[in-house]
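Here is a short tour for a newcomer. Please look over the sequence and the model before reading on.

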Amino acid sequence: QPAPPATPAEGACYRVTSPATGAWAGQEHRIAIFIGGTWRFLAPAPGWLLFDRAAGRLVIYRTQWEPADVVA
């Protein structure tokens, strides 16, 4: 999602999509984690997998996030 939720739960994680806004501006493609009342961002590495609940599927990071069933 492109914008942080208004009231995130401690430990909540999101994949930041484009165009990122608010506290997530400039953090596209990263993983946002809400820890200690603030957002932390992880840059993905090739091969990372995650389940995109909104899309209902696994996605993999190669040079960008894409469906995991796509053959490289």
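Where is the place of Asp52? Asp52 sits in strand 4. Keep in mind that this is a predicted model.

## Asp52 and its surroundings

Is Asp52 buried or exposed? Asp52 has 12% relative accessibility, so Asp52 counts as buried. The cut-off for buried is under 20% relative accessible area.

Which residues does Asp52 touch? Leaving aside residues up to four places away in sequence, Asp52 touches Arg15, Arg57 and Val59. With Arg15 there is also a side-chain link: a polar contact of 2.6 Å joins the side chains of Asp52 and Arg15.

## Two faces of strand 4

Strand 4 covers residues 49-52. Leu50 and Asp52 make up its covered face. Leu49 and Phe51 make up the uncovered one. The general rule is that side chains in a regular strand alternate between the two faces of the sheet.

## The hairpin of strands 4 and 5

How do strand 4 and strand 5 pair? They pair in the antiparallel sense, over 4 bridges. Strand 5 spans residues 57-61. Leu50 stands opposite Val59 of strand 5. Val59 is also one of the residues that Asp52 touches.

The two strands form a hairpin with 4 residues between them. In this hairpin, Gly56 takes a positive phi near 70°.

## The hairpin of strands 2 and 3

Strand 2 (31-35) and strand 3 (residues 38-42) run antiparallel, joined by 5 bridges. Which residue in strand 3 is the bridge partner of Ile31? The partner is Leu42.

This pair forms a hairpin as well, with 2 residues between the strands. Gly36 lies in the turn and has a positive phi of about 60°.

## The loop between strands 1 and 2

Strand 1 (13-15) and strand 2 are connected by a loop that holds Ser18. Gln27 lies in the loop between strand 1 and strand 2 too.

Why does Gln27 count as buried? Its relative accessibility is 18%, and buried means under 20%. Gln27 touches Val16, Ala20 and Phe41, not counting residues up to four places away in sequence.

What does Ser18 touch? Setting aside residues up to four places away in sequence, Ser18 touches Pro2, Glu28 and His29. Ser18 and Ile35 are 17 residues apart along the chain. Their C-alpha atoms are separated by 22 Å.

Methods: Residues are numbered from 1 along each chain as its sequence is written. This is a predicted model: local features need pLDDT of at least 70, side-chain atom pairs count only at pLDDT 80 or more; totals for chains, interfaces and linings use all residues. Side-chain values use heavy atoms; hydrogens and water are left out. Contact means heavy atoms within 4.5 Å. Buried means under 20% relative accessible area, exposed over 50%, partly exposed in between (1.4 Å probe, protein chains only). Two strands pair if DSSP finds at least two bridges between them. A polar contact is a pair of N or O atoms within 3.5 Å; within protein, one must be able to donate a hydrogen and the other to accept it, and residues adjacent in sequence count only if both atoms are side-chain atoms.
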